[in-house]
Amino acid sequence: MSAAAEHPVPSSVKIAPPPAELEREPLVLNNRSIGWLSDHIAGICEGPAPKWWLPALMISSTALVMMLGCIGYLISTGVGVWGLNQPVEWAWDITNFVFWIGIGHAGTLISAILFLLRQKWRTSVNRAAEAMTLFAVACAGIFPVIHVGRIWYAVWWLPPIPNNYDIWVNFRSPLLWDVFAVSTYGTVSLLFWYTGLIPDLATMRDRATGKVKKFLYGFFALGWTGSNRHWSNYEKAYLLLAGLSTPLVLSVHSIVSFDFAVSQVPGWHTTIFPPYFVAGAVFSGFGMVLSLLIPLRTLCKLEDIITVRHVSLMCKVILATGSIVGYAYGMEFFIAWYGGNPYELAAFKNRAFGPYWWAYWSMISCNVICPHLFWFKKLRENMLFVFIVSIFVNIGMWFERFVIIVISLHRDYLPSSWGYFRPTWVDVCTFIGSFGLFVTLFLLFMRYLPMIAISEVKGVTPQADPHHPQGGAKQGGHH
Amino acid sequence: MNAYGLMAVFETPADAMHAAEQVRDAGYSKWDVHTPFPVHGLDAAMGISNSKVGWFTFIGGATGYTTGMIMIWWMNAFDYKIVIGGKPMFSPFYAFPVSYELTILFASFGSLIGMALLNRLPRLHHPLLKNRRFCQGASHDKFIVVIETADPKFNAEETRKLLASAGSKHIEMVED
């Protein structure tokens, strides 16, 4: 017996409705019914493809093919086709890797951390954000693999397989920790995303008309019937996956930052890196979520589900994490001076005023100045403005990784080992091509899978609440 | 004709929940409520106890951590010892990041596999999924109570009466 059933509220007791200012804005606008939600969201995959979809796919897959061509050229010729030369042996490759991994972090933050914090607004954006995570990790995974040069040896450097002298990989190296962190992150994100998809795949299966579609959706839906006994285990598994993804996502970018922080290079060897990288990752990831979802909410007519309030809340996350990033930039400089290490100070002076000053100040204007525009509600609720700022956030965060990696490397201790990195066309085309991969995967995802978690959005509507009049609760009745 | 169970369609989660309370109090054991999303309070209304998925997660996590620690010790400190930077052959500190990741990896697989095992999924066939009305409702916007004929208390007439009194507008027998 539930407690409410044992102590019914007598019908004579009138509970005053909360005052208007305490009423939260609804998460789904226009009081849409739960049936409308599945019709509308599944409709994106079921109807004919929107006019812009195929041209977009053609452009993105062309970029993808360009990347594959560049990778083929790189592998057949050698890493010299990139602009790498002493002393800069890590440049765009690792910049792109850290950039893409960071993008992924917003998806996990939305799906896991906001779930644990019971932020119900996450339901409208979590599916697309998690898909973004997976695709970003896929893009990220390419760069460390191809940057090693003779990639046919990578099998001995990545998984623990003994080489021809029977020597094992060195687990004292943060680079190996990174292999485990990133592959675990990719796998767990996939599991979490798939778990969330199961009930929606069942919805797609039940709606599918074609035989092939019905079989494929049905196969991956695992025979889901929406049984409440199943939901009980499902919700527990989902909660646990959220609980596991939270420490995971915090560890992944911390370990990525160890790649730098554990080394002795001035500009890299700082203890602030793990929290600073994680905040930056979330910052850039939310930028990418907004860059994707703002056009999509208009193109797919999702304004009732991804509301202005959702966008405004994400802008607030950008503001918060952007402030942390700005603080970290300041603190790095302070410690470079206060720490009394002349090499560290020289590295930081060089960062702001050296030959790469333009990269540093691009980073500062995009990452430190831009987010503070979101203090203003008017700007947070202007979709075009938010979209433009979200692009700047992405640019700024790419520059942050470039600044950290290239500027710290390009002047070694001896002036004889100073250099200036210039990218080649292969560098540029590989990076642009990685966007091709990302966008291609995302376009395919939004066309064939429900890009909004149907069952979760249904669950946060008043119609879904058995204690709400719209959910069928009788006025003054028990519950 | 072999019947699988009696299915009653409800329009709102509150109606389904009240029906579930009545079915529970009538002492049925092989029955279920099929909903398009998890309805809060329905577990209590059905009398379902806390899920046991957590045990699978815990076993997965413990396995992952131990695997990581033993693997690293065996590879770097036992099978082929190499001194690197004068550091100890094995230390739980340098082995921690990888073991931590493996803890999460194995625990996540544990959760998903635990969920699948406890729910007896995947299932390629289910009598309910052959019923058009069920498919158009349970994953869309209806709340469906199903009492199996295999339930020892099942009685075609009594059960139908119970579900009708709970307020269902549509009750039908589902074939096996």
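Me: A residue is buried if 20 or more other C-beta atoms, placed from the backbone, lie within 10 Å of its own (exposed: 12 or fewer; partly exposed: in between). A nonpolar core joins buried Ala, Val, Leu, Ile, Met, Phe, Trp, Tyr and Cys residues through C-beta atoms within 7 Å. This is a predicted model: local features need pLDDT of at least 70, side-chain atom pairs 80 or more, while totals for chains, interfaces and linings use all residues. Residues are numbered from 1 along each chain, with chains lettered from A and ligands numbered from 1 as written. Which residues have the most contacts inside the largest nonpolar core?

Reply: That core has 186 residues. Domains 1 (3-48 + 123-175) and 2 (53-118) of chain B both contribute, so the core lies between them; their bounds come from an automatic or database assignment. The residues with the most contacts are Met132(A), Val289(A), Ala20(B) and Val145(B).

Me: Which residues of helix 1 does Val145(B) touch?

Reply: Touching means C-beta atoms within 7 Å. Helices are DSSP runs (H or I, at least four residues; strands are E, at least two), numbered from the N terminus. Helix 1 of chain B spans 13-25. Among the partners of Val145(B) are Ala16(B), Ala19(B), Ala20(B) and Val23(B).

Me: How many residues of helix 1 of chain B are buried?

Reply: Among the buried ones are Pro13(B), Asp15(B) and Glu21(B). The helix is largely enclosed by the rest of the structure, because the buried residues number 10 of the 13.

Me: Which helix gives the largest share of the side of chain B that touches chain A?

Reply: Here 64 residues of chain B contact 54 of chain A. Helix 1 (13-25) and helix 4 (92-118) are among the contributing elements. The largest share, 16 residues, comes from helix 4 of chain B.

Key. Two residues are in contact if their C-beta atoms, placed from the backbone, lie within 7 Å. Lists of a residue's contacts leave out its neighbours within four places in sequence.
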